[in-house]
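Good morning. I will take a few minutes on one model, and I would ask you to keep it on your screens while I talk.

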Number of protein chains: 2
Amino acid sequence: MTDKRDILHGTPLMAGLAEPLVDELLAICQQRRLRDGEYIYRQGEEGDAMYGVLEGKIRLSNTTREGRELLVMLVERGDWIGEVSLFDGAARSQDAYALGDTEVLRIGKEQLDTLLEARPELYRYFVPMLCRKLRLALSYVEATALYPLSARLARRLLDLHQQSADSELHFPQEDLAKMLAVSRQALSRELKRLEAAGAVAVSYGKLRILNVDLLCSEAVAG
Amino acid sequence: MTDKRDILHGTPLMAGLAEPLVDELLAICQQRRLRDGEYIYRQGEEGDAMYGVLEGKIRLSNTTREGRELLVMLVERGDWIGEVSLFDGAARSQDAYALGDTEVLRIGKEQLDTLLEARPELYRYFVPMLCRKLRLALSYVEATALYPLSARLARRLLDLHQQSADSELHFPQEDLAKMLAVSRQALSRELKRLEAAGAVAVSYGKLRILNVDLLCSEAVAG
DNA sequence: GCGAGTCTGTCATCGAGGTGACAATTGCCA
DNA sequence: TGGCAATTGTCACCTCGATGACAGACTCGC
């Protein structure tokens, strides 16, 4: 229970939420356990709830009819997803599914609406969260449109490095490729380049950031 | 003055704002006239105000050191920009400059903060606005990553068609190319294709949407 | 310790779209 | 009306990254 509490007013979103509000939020949360690969929602569905990650990871992705996939975001402990559909009433814009066994908090639309009605001051705590996501999305738009793979990779590595506050990134190159929407082969080539330059160390199923400054200079090289 | 009033609680954002709040917002707005090409702010600067368009257009764009430009958004009457930097305190993520003679409302950071302090219920009206921008940005990320130029163009034309509620789009192909971050030549070729198919009519400095259904089918074609 | 499945490195081939160049067209203004 | 700048159409050439194929490396479970 202190667990849930930490999630709610720790980490990025809802930071600084007043204690009584945390309680009221906790009161409308249901805890749910998901098995690896289990879907939370799918693109195009109605949005009936938002979810916060307690433990494990959630993949947010878009997939084309032909099966090409874009990994929009790896959602980790303390992040919330699905709130946009609750606010604007429009359909889910991505698929969301668990990566490994995962524990989430679920807040249903009705309960949230009721709480927001009673406590409109809660709205303000969603603002920083939306701003953060908007900035992230805009930076992806910019990077994809204007910079070559080498720079985009460096940027993304820096993002991931900062986000997880860990120099070890644990996922296959395939996933990183899907984040950048490039082929695994092209990604592998770029990683080798970065490794040769001493910026990262690549090994089976993970990679380590060695030199942040080097990555920064790669990130701006045109 | 009724003018400003209409902008504030008309069009997409802050719709449904209660009358007294509109008054208080109007009270902290300064009206400003901009000449063609005049910059409102530049990428990397501190954000000290947000702006709403009364008349004319604002271009939001990212530019690389080498001069390649991405036209993130054409901001029109009733839209607001620059609010994200006020909320999160981080730097401007795009350049913003007037396209033609333009009239804007400016709300300074201090005044907004004061008003938000006094009237925290105002926060909730920013939420739909942020959601809308986030969805738009995510749809661009998705489209750029997963779909070929032909589909992205069709989607963008549909977006612009809906946004301006006008079947005539008045800007050179060069601008449309910068929105999609492709070369003018490639865009021209695609437009010719669409014209041959009867979806649009292309002429000097403008184009007309003729067949929305046709564009829709282009938009999903892999 | 062995085999199956996963992950990584590398190659040849191909296509979408960038680049540079140039002609044709249109609008605008003197 | 004539000239100039902006816009558009089109072409040849090139580059980046996709694709498909395959071999080697690593893990994990039996």
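What share of the atoms of DNA strand D within 4 Å of the protein belong to sugar or phosphate? Keep in mind that this is a predicted model. The share is 61%, and the rest of those atoms belong to bases.

Now the protein side of strand D. There are 19 residues around DNA strand D, and those that come nearest are Val182(A), Ser183(A), Gln173(B), Lys192(B) and Tyr204(B). By class, this surface has eight nonpolar, seven polar and four charged residues.

Next, some individual contacts. Gln173(B) uses its backbone: an N or O atom there lies 2.7 Å from a phosphate oxygen of DNA strand D. Ser188(B) uses its side chain, where an N or O atom is 3.0 Å from a phosphate oxygen of the strand. With Tyr204(B) we move to a base: a polar side-chain atom of this residue lies 2.9 Å from a base nitrogen of DNA strand D. As for the elements, α8 of chain A and both α7 (173-180) and α8 of chain B give two or more residues to this surface. The element that gives the most is α8(B), with four residues.

On to DNA strand C. Of its atoms within 4 Å of the protein, 60% belong to sugar or phosphate, and bases supply the rest. Around this strand there are 18 residues, and Gln173(A), Lys192(A), Tyr204(A), Leu149(B) and Ser183(B) come nearest. The classes here are eight nonpolar, seven polar and three charged residues.

Which part of Leu149(B) has a polar atom 2.9 Å from a phosphate oxygen of DNA strand C? It is the backbone. Two side chains are placed at bases instead. In Arg184(A), a side-chain N or O atom is 3.0 Å from a base oxygen of DNA strand C. In Gln185(B), the side chain has an N or O atom 3.2 Å from a base oxygen of the strand.

Both chains take part through α8 (184-197): in chain A and in chain B, this helix supplies at least two residues of the surface near DNA strand C. Here α8(A) gives the most, with four residues.

Last, a sheet in chain B. Three strands form an open, antiparallel sheet in the order β7-β9-β8. Its edge strands are β7 (168-169) and β8 (200-203), each pairing on one side only. Four bridges join β8(B) to β9 (residues 206-209). At Ser203(B), the bridge partner in β9(B) is Lys206(B).

That is the end of my part.

How values were computed: Residues are numbered from 1 along each chain as its sequence is written. Chains are lettered from A and ligands numbered from 1 in the order in which they are written. This is a predicted model: local features need pLDDT of at least 70, side-chain atom pairs count only at pLDDT 80 or more; totals for chains, interfaces and linings use all residues. Side-chain values use heavy atoms; hydrogens and water are left out. Two strands pair if DSSP finds at least two bridges between them. A residue is near a molecule or strand if one of its heavy atoms lies within 4 Å of it. A polar contact is a pair of N or O atoms within 3.5 Å; within protein, one must be able to donate a hydrogen and the other to accept it, and residues adjacent in sequence count only if both atoms are side-chain atoms. Ala, Val, Leu, Ile, Met, Phe, Trp, Tyr, Cys and Pro count as nonpolar, Asp, Glu, Lys and Arg as charged, and the others, Gly among them, as polar.
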